[in-house]
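This report examines the charged side chains of a protein chain and the fold that holds them. Please view the sequence and the structure before reading on.

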Amino acid sequence: MSLVQILSSPPQKKYWSGCRGATTEAVERLEARFNVILPEEYRRFLHWSNGGRWSTGDHLVSLWWNGEVERSNHHLDIPGRHPGILGIGLDSRTGGYCAL
């Protein structure tokens, strides 16, 4: 099951607050900025919902929109601290990054 299928399924949909989908051009700019080819499933997710938040009340997972991916990776120095990793969000339960 894909991320989009999971987040849009009836049990999970009530916890997801998403954004409008990204354009193909915006996704390609993100790939060019970080010199990466994003996994196809993540590309599909960005086209479906360009970021958003999944929250059950005591657990929050924030998946950044494409502009936030660029800003947060720069601000948090994720590439410098974790070479080869692209941060795409945060997990409140673990305090860690959601990353590719």
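## The E40–R43 pair and its network

E40 and R43 form a salt bridge, with N and O 4.0 Å apart. In this predicted model, the two residues belong to helix α4 and stand three positions apart, about one turn of the helix. Their surroundings are described by separate values: E40 has 49% relative accessibility and therefore counts as partly exposed, whereas R43, with a relative accessible area of 14%, is buried.

R43 also forms a salt bridge with E31, the closest N and O atoms being 2.7 Å apart. This pair links distant parts of the chain, since E31 sits in helix α3 (residues 24-34) and R43 in helix α4 (residues 40-48), twelve residues apart. E31 and R43 are both buried. E31, E40 and R43 are thus linked in a network of salt bridges.

## The R93–D58 pair

The structure holds four salt bridges, one of which joins R93 to D58, with 3.7 Å between the closest N and O atoms. R93 is found in the loop between β4 and β5 (96-99), and D58 in the loop between β2 (52-55) and β3 (60-63), so the pair ties together parts that are 35 residues apart in sequence. Both R93 and D58 are exposed.

## D91, a buried acid without a salt bridge

Which side chain of opposite charge is nearest to D91, and how far away is it? The residue is R93, at 6.0 Å; D91 is buried and has no salt bridge. A salt bridge requires a side-chain nitrogen of Lys or Arg within 4 Å of a carboxyl oxygen, so the 6.0 Å separation does not qualify.

The side chain of D91 nevertheless reaches the backbone nitrogen of R93 at 2.8 Å. D91 is located in strand β4 (residues 87-91). Leaving aside residues up to four places away in sequence, D91 touches H59, L60, V61, G96 and C98.

## Overall fold

The protein chain contains six helices and five strands, arranged along the sequence in the pattern α-α-β-α-α-β-β-α-α-β-β. Its radius of gyration is 13 Å, which agrees with the value near 13 Å for a compact globule of 100 residues. Along the principal axes, the C-alpha atoms fill a box of roughly 35 × 30 × 20 Å.

Of the 100 residues, 39% count as buried. The protein chain exposes about 6100 Å², of which carbon and sulfur atoms supply 54%. Among contacts between residues at least 6 apart in sequence, 54% join residues at least 24 apart.

Methods. Residues are numbered from 1 along each chain as its sequence is written. This is a predicted model: local features need pLDDT of at least 70, side-chain atom pairs count only at pLDDT 80 or more; totals for chains, interfaces and linings use all residues. Side-chain values use heavy atoms; hydrogens and water are left out. Helices (H or I, at least four residues) and strands (E, at least two) are DSSP runs, numbered from the N terminus. Buried means under 20% relative accessible area, exposed over 50%, partly exposed in between (1.4 Å probe, protein chains only). Lys and Arg count as positive and Asp and Glu as negative; His and the chain ends are not counted. A polar contact is a pair of N or O atoms within 3.5 Å; within protein, one must be able to donate a hydrogen and the other to accept it, and residues adjacent in sequence count only if both atoms are side-chain atoms. Contact means heavy atoms within 4.5 Å. The radius of gyration is taken over C-alpha atoms; the globule rule is 2.2 Å times the number of residues to the power 0.38. Accessible areas come from the Shrake-Rupley method with a 1.4 Å probe; for residues, only the protein chains shown count as cover.
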